Amino acid sequence: QVQLVESGGGLVQTGGSLSLSCAASGRTFSSYAMGWFRQAPGKEREFVASITWSGGSPSYADSVKGRFTVSRANAKNTVYLQMNSLKPEDTAVYYCAAKPGDQSNYAYRYGYWGQGTQVTVSS
C-alpha cells in the first residue's frame with residue numbers, strides 16, 4: 001500500500017518555474033515506478049513524466065520535454081517534478097502516481113494516486 005501527497009502547486013507567470021513534490025508513505029516506495037500526470041478542465045488526464053524505481057530512464061511527454069525534469073529521492077520517499085519555462089497550456093491539476101514494477105506512460109497502469117495539486121500559468 002502506498003499513499004501519495006503532492007505539494008508545490010500554485011500560480012506562476014508564463015516563463016516561470018515551479019517545483020512539485022510527491023511524498024509517499026510505505027516502506028516499499030523504492031520498489032515503485034512513479035509517474036506524473038495532469039488534467040486540465042474538460043480534458044482527459046495526460047501523461048507528463050515517469051521514472052523507474054531506481055531513478056533511471058526518465059520519460060517525458062513531447063509537450064514538456066526539455067522544460068520539465070522528474071527525479072526521486074528514495075531515502076526521502078519523495079519524487080519531484082521541476083517545471084521550467086511554464087506556458088499557459090501547462091495549467092492543470094498535476095497528479096503523481098505509483099506502480100510496482102516497470103515505469104509506464106499509461107495512467108491505467110498505475111494503481112496508486114495522489115489527490116493532485118493545481119498549477120496555474122498566467123499569460
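Colleague: Why does serine 85 count as partly exposed?

Modeller: In this predicted model, the relative accessibility of serine 85 is 40%. Buried means under 20% and exposed means over 50%, with partly exposed in between. The value of 40% falls in between, so serine 85 counts as partly exposed.

Colleague: Where does serine 85 lie?

Modeller: Serine 85 is in the loop between β8 (78-83) and β9 (92-100).

Colleague: What makes the phi of serine 85 worth a remark?

Modeller: Phi of serine 85 is positive, about 50°, although the residue is not a glycine. Most residues other than glycine have a negative phi.

Colleague: Why does serine 57 count as exposed?

Modeller: The relative accessibility of serine 57 is 53%. Exposed means over 50%, so serine 57 counts as exposed at its 53%. Serine 57 sits in the loop between β5 (46-51) and β6 (59-60). Its phi is near 50°, a positive value in a residue other than glycine.

Colleague: What makes strand β4 mostly covered?

Modeller: Strand β4 covers residues 32-39, and 7 of its 8 residues are buried. Buried means a relative accessible area under 20%.

Colleague: How do you know that β4 and β9 pair, and in which sense?

Modeller: Two strands pair if at least two bridges are found between them. β4 and β9 have 8 bridges, and the sense is antiparallel. One of the partnerships joins methionine 34 to alanine 98 in β9.

Colleague: How many bridges are there between β4 and β5?

Modeller: There are 5 bridges between β4 and β5, again set against a requirement of at least two. This pairing is antiparallel, and the bridge partner of tryptophan 36 in β5 is alanine 49. The hairpin of β4 and β5 has 6 residues between the strands, where glycine 42 takes a positive phi near 75°.

Colleague: Which pattern does the protein follow along the sequence?

Modeller: The pattern is β-β-β-β-β-β-β-β-β-β-β, with 0 helices and 11 strands.

Colleague: Why is the protein called as compact as a globular protein of its length?

Modeller: The radius of gyration is 13 Å, and the globule rule gives 14 Å for 123 residues. The two values are close, so the protein is as compact as a globular protein of that length. The C-alpha atoms fill a box of roughly 40 × 25 × 25 Å along the principal axes.

Colleague: What share of the residues counts as buried?

Modeller: Of the 123 residues, 43% count as buried. The protein exposes about 6,200 Å², of which carbon and sulfur atoms supply 49%.

Key: Residues numbered from 1 in each chain as written. Predicted model: local features only at pLDDT ≥ 70, side-chain atom pairs only at ≥ 80, totals over all residues. Heavy atoms only, no water. Helix = DSSP H or I, 4+ residues; strand = E, 2+ residues; numbered from the N terminus. Rg over C-alpha atoms; globule rule 2.2 N^0.38 Å. Buried < 20%, exposed > 50% of the residue type's maximum accessible area, 1.4 Å probe, protein only. Areas by Shrake-Rupley, 256 points an atom, 1.4 Å probe, with all protein chains shown as cover.
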